[in-house]
Amino acid sequence: MSTSDPTAQGVPADAMRRLAKLQPGRPGSIFTSDLSVNEFLLVREAGFKPIGLVLGSSIYHVGIQLGRWGKNQELETLSQAMYHARELAMTRMEAEAAALGADGIVGVRLSVEAREFGSDIAEFIAIGTAVKADHPAPGGTGWRNNKGQPFTSDLSGQDFWTLIRAGYAPLGMTMGTCVYHIAHQKVSAVFSNLGKNVEIEPFTQALYDARELAMTRMQAEAEELGAEGIVGVQLNAHNHRWGGHTTEFFAIGTAVRPLREDHEIERPTMVLSLDD
């Protein structure tokens, strides 16, 4: 197989060879990580060893779908394109983690970068640190999710430590997206609002609807994982190249499940030094 040939998951052969050199537990092997020093130490304190930096990438051509000038509507073709491109990047990152025998991926960053190949081409990148647990999850269960995949989490090392100590475990990053065309105002409405403080109700409703669609899709992914809830939710708006009246709303967070019935963290104990 040549270096440019991808694996079945779309992971290049070069990446698989790099991962093969990061065998955890082998004498002389090293790990790679983009965690800060504090995050690294807290992840270790939570009972997980970083074993390798993993990433997934997808360079995607995002097509054009025109919305009706005066109508609020989702542009479903574009919504699907943005979702599929991110999913490809996430899946390839998870495939790299699985090749390392990881239980999960922490500190995941999911970004979109415009490329100079064309105004309608963007690279979707997912990157994080694969980790392996020192011990099975409470109850003797595994740390992977109900799909047999390593868990993914975009929480910081500090938040990940707090989550585990509080008796919860991450299941996976869940996301929802909606590309929405916001109707233009009619000329008569523009002139009637001149000089007034007044809500533009069609705009309000359009943005509200678009955010709700993104949130609902994120929640549906969490339900498929059997999650109890989603933490660290972010709801962002991106215009990309579509202009002011077409916007993508993107919701993302970490789905979690309980590890035990109580969810209390031990209170810190004050220590007084007896030194002079």
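**Overall architecture, sheets and cores of the chain**

The secondary structure of the chain comprises six helices and eight strands, as found in a predicted model. Read from the N terminus, these elements follow the order α-α-β-β-α-β-β-β-α-β-α-α-β-β. The chain has 276 residues, of which 39% count as buried, and its accessible surface amounts to about 15400 Å², with 54% of that area belonging to carbon and sulfur atoms. Among the contacts in the chain with a separation of 6 or more, 74% are accounted for by residues 24 or more positions apart.

One open sheet is formed by four strands in the order β1-β4-β3-β5, and its pairing is mixed. Within this sheet, β1 and β4 pair in the antiparallel sense over 13 bridges, and the bridge partner of G52 in β4 is A130. The pairing of β3 with β4 is likewise antiparallel and extends over nine bridges; here G104 has V131 of β4 as its bridge partner. By contrast, β3 and β5 run parallel and are joined by two bridges, with I105 having T152 of β5 as its bridge partner. Because β1 and β5 (151-152) each have a single partner strand, they stand at the edges of the sheet, and one side of each is left without a neighbour there. Strand β4 is mostly covered, 12 of its 13 residues being buried.

A further open sheet, also of four strands, has the order β2-β6-β8-β7 and antiparallel pairing. Its edge strands are β2 (73-74) and β7 (229-238), each of which pairs on one side only. Strands β6 and β8 pair in the antiparallel sense over 13 bridges, and in this region A169 stands opposite R257 in β8.

The helices may be placed with respect to these sheets. Helix α3 lies across β1, β3, β4 and β5, and runs at about 145° to β1. The helix α3 also lies across β2, β6, β7 and β8, in this case running at about 150° to β6, so that strands of both sheets are in its list of partners by the contact criterion of heavy atoms within 4.5 Å. Helix α6, which spans residues 201-224, lies across β2, β6, β7 and β8 and runs at about 150° to β6.

The largest nonpolar core of the chain has 27 residues, and V54, M93, F124 and A130 are those with the most contacts inside it. At least two residues of this core are supplied by each of β1 (48-61), α3 (76-99), β3 (104-114), β4 (121-133), β6 (168-181) and β8 (246-258). Of the contributions to this core, that of α3 is the greatest, at eight residues. Apart from this core lies another, of 14 residues, which includes A46, F48, I164 and L259.

Two residues of the largest core illustrate how its elements meet. V54 is found in strand β1 and counts as buried because its relative accessible area is 0%, which is under the 20% cut-off. When residues up to four places away in sequence are not counted, V54 touches L19, M93, E96, A97, L100, I105, A126, I127, G128 and A130. Although V54 and A97 are 43 residues apart along the chain, their C-alpha atoms are separated by 6.2 Å. M93, for its part, is in contact with V54, L55, G56, I105, V108, A126, I127, G128 and T152, leaving aside its neighbours within four places in sequence. Among these contacts of M93 are I105 and T152, the residues that are bridge partners between β3 and β5.

A charged side chain in the second sheet may also be noted. E248 is found in strand β8 and counts as buried because its relative accessibility is 0%, under the 20% cut-off. The side chains of E248 and R86 are joined by a polar contact of 2.7 Å.

Methods
Residues numbered from 1 in each chain as written. Predicted model: local features only at pLDDT ≥ 70, side-chain atom pairs only at ≥ 80, totals over all residues. Heavy atoms only, no water. Core = buried A, V, L, I, M, F, W, Y, C linked by side-chain atoms within 4.5 Å. Buried < 20%, exposed > 50% of the residue type's maximum accessible area, 1.4 Å probe, protein only. Polar contact = N/O pair within 3.5 Å; in protein donor to acceptor, adjacent residues only side chain to side chain. Areas by Shrake-Rupley, 256 points an atom, 1.4 Å probe, with all protein chains shown as cover. Pairing = 2+ DSSP bridges. Axes fitted to C-alpha atoms, helices over the stretch in contact; angles between N-to-C directions.
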